[in-house]
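Take a look at the structure below and keep it open while you read. We'll go through it spot by spot, with a bit of vocabulary along the way.

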Amino acid sequence: MTARAASAGRERTVRRTASHRPAPAVAAAAIAALALAAACAAPDRPVPPSLARGIDAVFADLDRPGSPGASVAVIRDGELIHSRGYGEAQVEHGVPVTPRTIFHVASVSKEFTAMAVTLLAADGALSLDDPVQQHLDFVPDFEHPVTVRQMIHHTSGIRDQWQLLAMSGWRLDDVITTEQIRALMARQQELNFVPGSEYLYSNMGYTLLAQTVEAVSGMSFAEFTTARIFRPLGMDRTHFHDDHEHLVPGRAYSYRPAAAPNPDAEEPEGAGATDDPPRYDKSVLSYANAGATSLFTTAEDLARWLDNFRHETLGGPDVMETMKTRGILNGGDTIPYAHGLSVGEYRGLRTIGHGGADAGFRTQVNWFPAANTGVVVLTNVANGNPAGRARAVADVVLAGSFPEEEGDEDDAPAAAPETAPPETPGPVAPAEYAGTYYSPELDALHHVEASEDGLVARHIRHGAIVLDPRGADEFATGQWFFREVRFVRDGAGTVTEMRVGGGRVRNLRFVRLTTPLPG
């Protein structure tokens with residue numbers, strides 16, 4: 001028997017065993033889910049034709065051959081009232097999108113990761129205020145303890161995994177495994193800030209939450225979420241996808257608009273304006289990790305999930321209330337983020353939901369509690385704008401349900417205060433900064449080189465990153481993962497370190513090497 005076959009056999013055995021030992025609430029939830037799943041199988045109470053046409057108009061630009069597309073589902077009062085696909089799931093093969101097409105939904109995954117942890121807390125298997133190191137021994141002991149609850153609310157100070165990986169030379173279309181992310185976390189020496197003092201989104205925190213689920217439950221994250229969440233809700237086409245080689249029938253692939261031709265290139269004779277449709281390139285996604293991302297699901301399955309905010313069969317009222325509870329900072333301020341859920345408002349109606357973006361996948365799920373209505377929009381193209389489309393669908397479905405808008409002159413936004421012009425940086429001596437810089441936390445090198453034109457940071461995979469002066473020893477770049485660079489000097493005025501940050505990573509330390517590398 002091959003290793004792969006043996007592994008598959010073990011997986012079947014574990015899944016079978018897990019199915020025979022459900023938590024006490026699972027059996028009751030499964031019974032209720034059968035009726036819910038039957039209701040969601042097809043729109044039993046479809047919207048009137050005029051409303052259906054209004055929803056179709058939101059996706060008209062994608063509803064044609066050769067275009068990536070979208071899948072939409074709307075659930076109201078427990079009934080699926082609209083579900084339809086537009087465009088193509090696999091452009092190369094002309095495979096159409098349907099409401100049961102399986103999408104990678106990126107950070108929408110976080111709702112389910114938070115639910116898994118919250119269920120374990122309700123079981124008494126862990127406390128949300130446990131230090132993460134109590135369950136994951138590979139997480140370093142930082143100066144300040146980090147709790148499970150802080151990771152849920154993005155207030156932990158733990159740096160973001162994607163930006164760290166990019167800083168160390170990875171591309172986000174590389175195969176990135178859970179083991180590699182764990183190893184990266186184990187090397188971290190500092191946090192972005194004191195835990196609980198700020199809110200700053202961290203994908204690493206949610207990967208650690210999935211690992212916590214595994215450590216506490218004794219099951220793989222995929223097995224636990226299937227047994228405790230997906231199966232009870234009748235989400236039969238949903239799973240966490242942590243193996244990039246795993247074949248998934250009926251899935252969508254991701255795309256981005258093709259790069260525009262060089263405007264300076266000489267135009268061929270006879271060429272001119274055409275009515276050709278937009279062109280698209282494949283946007284590769286090879287993630288082999290789960291928790292922060294990698295949920296594979298459908299619009300109809302996500303509608304079942306959203307309706308649980310109405311009937312609360314899965315988890316019960318206490319768990320669902322915890323899921324909707326927003327985080328509170330050390331100073332007492334409440335943040336807009338709850339348990340994998342962004343809490344907001346649209347046209348006077350409260351919303352609960354999340355969006356997601358990985359490669360060419362763009363997703364949005366919104367629940368309107370006052371209207372018992374959920375809207376799911378999944379797209380497989382980078383400019384798909386699911387958030388805007390989800391709002392447009394809500395405009396159609398909830399017309400007449402939004403509170404009346406009353407405005408007067410006092411509601412006009414105040415004029416922005418005048419600000420002083422930025423300080424012009426003084427002359428820079430590039431040679432002062434030239435050298436090789438090493439990050440112990442990333443095990444990565446960047447070479448800073450001086451030229452007549454200024455400074456560049458060079459990496460074997462990322463090439464040259466131009467450093468533009470912004471102030472004394474401070475620079476900025478055009479790279480999302482390397483936005484801010486600050487050089488640190490010792491008492492003698494010699495540059496000894498480079499600190500890199502911006503975005504979801506702050507102040508990452510690179511030490512200037514004092515001896516040249518061989519060769």
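A429 sits in the loop between α12 (386-397) and β16 (435-439). Helices (H or I, at least four residues) and strands (E, at least two) are DSSP runs, numbered from the N terminus. A429 is partly exposed, with a relative accessible area of 35%. Buried means under 20% relative accessible area, exposed means over 50%, and partly exposed is in between (1.4 Å probe, protein chains only). Going C-alpha to C-alpha, A429 and A450 are 8.7 Å apart in space and 21 residues apart in sequence.

Before going on, remember that this is a predicted model, where local features need pLDDT of at least 70 and side-chain atom pairs count only at pLDDT 80 or more, while totals for chains, interfaces and linings use all residues. Residues are numbered from 1 along each chain as its sequence is written, and side-chain values use heavy atoms, with hydrogens and water left out.

Now for the whole chain. It has twelve helices and 23 strands, and 50% of its 519 residues count as buried. Contact means heavy atoms within 4.5 Å. Take the contacts between residues at least 6 apart in sequence: 66% of them join residues at least 24 apart. The chain exposes about 24200 Å², and carbon and sulfur atoms supply 51% of that; the areas come from the Shrake-Rupley method with a 1.4 Å probe, and for residues only the protein chains shown count as cover.

Here are some single residues and the C-alpha distance from each to a partner elsewhere in the chain.

| Residue | Partner | Apart in sequence | C-alpha distance |
|---|---|---|---|
| A89 | A252 | 163 residues | 4.3 Å |
| A290 | T178 | 112 residues | 7.3 Å |
| E441 | A186 | 255 residues | 8.5 Å |

A89 is in strand β3 (residues 88-90) and counts as buried, at 1% relative accessibility. What does A89 touch, not counting residues up to four places away in sequence? Its contacts are V95, P96, V97, T101, R251, A252, Y253, Y255 and N380.

A290 is found in the loop between β10 (287-288) and β11 (295-297). Is A290 buried or exposed? With a relative accessible area of 8%, A290 is buried. Leaving out neighbours within four places in sequence, A290 is in contact with T178, T207, A210, F221, F240 and D242.

E441 lies in the loop between β16 and β17 (444-451), and E441 is buried too, with a relative accessible area of 1%. Beyond its neighbours within four places in sequence, E441 has contacts that include R159, L184, E190 and R509.

Next, a backbone detail. H154 is not a glycine, yet it has a positive phi of about 60°. H154 belongs to the loop between α5 (148-152) and α6, and at 0% relative accessibility it counts as buried. D473 is not a glycine either, and it has a positive phi of about 65°. D473 is placed in the loop between β19 (463-471) and β20 (474-476) and counts as buried at 16% relative accessibility.

On to the rings. Rings of Phe, Tyr and Trp (its six-membered ring) pair if their centres lie within 6.5 Å; planes under 30 degrees apart count as stacked, over 60 as edge-to-face and the rest as tilted. By this rule there are 17 aromatic pairs. One of them is the tilted pair of F112 and W305, with 4.2 Å centre to centre and 40° between the planes. F112 lies in helix α4 (residues 109-123) and W305 in helix α10 (residues 299-311), so the pair ties together parts that are 193 residues apart in sequence. Both F112 and W305 are buried. Ring pairs also link F112, F221, F230, F240, W305 and F309 into a cluster.

Charges can sit over rings too: NZ of Lys or CZ of Arg has to be within 6 Å of the ring centre and within 35 degrees of the ring normal. K110 lies over the face of Y206, 5.8 Å from the ring centre. The charged end of R347 sits over the ring of F402, at 4.0 Å from its centre.
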